[in-house]
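Trainee: Could we go through this one together? I'd like to hear the reasoning behind each label.

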Amino acid sequence: MNYQLSEGESRQLVFDSYVLHAHAQTCLGCGSTERYTQIYEVWVHPTKSIQNLRPVAGTINSAKPIYQVAVKPRAIPVCVACATISVYQSAPDNVIPVSREAWAETLRRKYAPQAAETKVAKATPTKVVPTLDEI
Ligand SMILES: [Zn+2]
């Protein structure tokens, strides 16, 4: 669905329903399966075969139908249990549970500019540090 909507088409879309994507991912470390969902608004064009999915934030309109679709299962290297609880013997040793604050501090340290070794002024490219919300 890589169709690029024109501005006119985008304005003509009508909110039709919701679609709930049900995900299942199996951890290659411990074998457990994690499940989570993502819900989107489904906007359709009244005359063209165009639809647009928009992530839902907040509450939903209970008068609209919710279609549930099982997304193809996938394998992941580390699951939440491996990463946060480490109760499984097969959990990787290099998984280090940290709080959001500790992780933000770790990122700050990793991306902190090195102390200047020379006094020659030069332009340095700005690094883009992802925020926790983007991870
Ligand atoms: Zn796991």
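Trainee: Let's begin with I39: in which strand is I39 found?

Mentor: I39 is found in strand β2. Bear in mind that we're looking at a predicted model.

Trainee: What makes I39 partly exposed?

Mentor: Count the neighbours. I39 has 16 other C-beta atoms within 10 Å. Buried takes 20 or more and exposed takes 12 or fewer, so I39 with its 16 is partly exposed.

Trainee: Which residues is I39 in contact with, leaving aside its neighbours within four places in sequence?

Mentor: Those are Y18, L20 and V56. For a contact, the C-beta atoms have to lie within 7 Å. As for Y67, 28 residues apart from I39 along the chain, the two C-alpha atoms are separated by 9.4 Å.

Trainee: How do you know that E34 is partly exposed?

Mentor: Same kind of reasoning. E34 has 13 other C-beta atoms within 10 Å. Exposed stops at 12 and buried starts at 20, so 13 puts E34 in the partly exposed class.

Trainee: And where is the place of E34?

Mentor: In strand β2, residues 33-44. Leaving aside neighbours within four places in sequence, E34 is in contact with Q25, C79 and V80. The C-alpha atoms of E34 and H23 are separated by 8.1 Å, and these two are 11 residues apart along the chain.

Trainee: Why does Q68 count as exposed?

Mentor: Q68 has 11 C-beta neighbours inside 10 Å. The limit for exposed is 12 or fewer, so Q68 counts as exposed. It is found in strand β4, and beyond its neighbours within four places in sequence it is in contact with L20 and A22. From Q68 to Y18, 50 residues apart along the chain, the C-alpha separation is 8.5 Å.

Trainee: Why do you say strand β4 lies largely in the open?

Mentor: Strand β4 covers residues 66-70, and of its 5 residues the number buried is 0. No residue there gets to the 20 neighbours that buried requires, so the strand lies largely in the open.

Trainee: What makes β1 and β4 a pair?

Mentor: Pairing takes at least two bridges, and β1 and β4 have 5, in the parallel sense. So they qualify as a pair. As an example, H21 stands opposite V69 in β4.

Trainee: How many bridges do β1 and β2 have, and in which sense do they pair?

Mentor: They pair in the antiparallel sense over 12 bridges. One of the partnerships is S17 with V42 in β2. The hairpin of β1 and β2 has 5 residues between the strands, and G31 takes a positive phi near 85° there.

Trainee: What joins β2 to strand β3?

Mentor: 5 bridges do, and the strands run antiparallel. At least two are needed for a pair, so β2 and β3 pass. E41 stands opposite R54 in β3, while the bridge partner of V42 in β3 is L53. These two strands also form a hairpin, with 6 residues between them.

Trainee: On to the helices: how do you know that the span of α3 agrees with what a helix should give?

Mentor: Helix α3 takes in residues 100-111, and at 1.5 Å a residue its 12 residues should span 16 Å. The end C-alpha atoms are 16 Å apart, which agrees.

Trainee: Why is α3 said to lie largely in the open?

Mentor: The number of buried residues among its 12 is 0, so α3 lies largely in the open. For the protein as a whole, buried residues make up 2% of the 135 residues.

Trainee: What is the overall pattern along the sequence?

Mentor: It follows α-β-β-β-β-β-α-α, with 3 helices and 5 strands.

Trainee: And what is the mean pLDDT of the protein?

Mentor: It's 80, and 72% of the residues reach 70 or more. Among the elements, helix α2 (residues 80-85) has the lowest mean, 76, and strand β5 (residues 74-76) the highest, 96.

Key: Residues are numbered from 1 along each chain as its sequence is written. This is a predicted model: local features need pLDDT of at least 70, side-chain atom pairs count only at pLDDT 80 or more; totals for chains, interfaces and linings use all residues. Helices (H or I, at least four residues) and strands (E, at least two) are DSSP runs, numbered from the N terminus. The expected span of a helix is 1.5 Å times one less than its number of residues. pLDDT is the predictor's confidence in each residue, from 0 to 100. Two residues are in contact if their C-beta atoms, placed from the backbone, lie within 7 Å.
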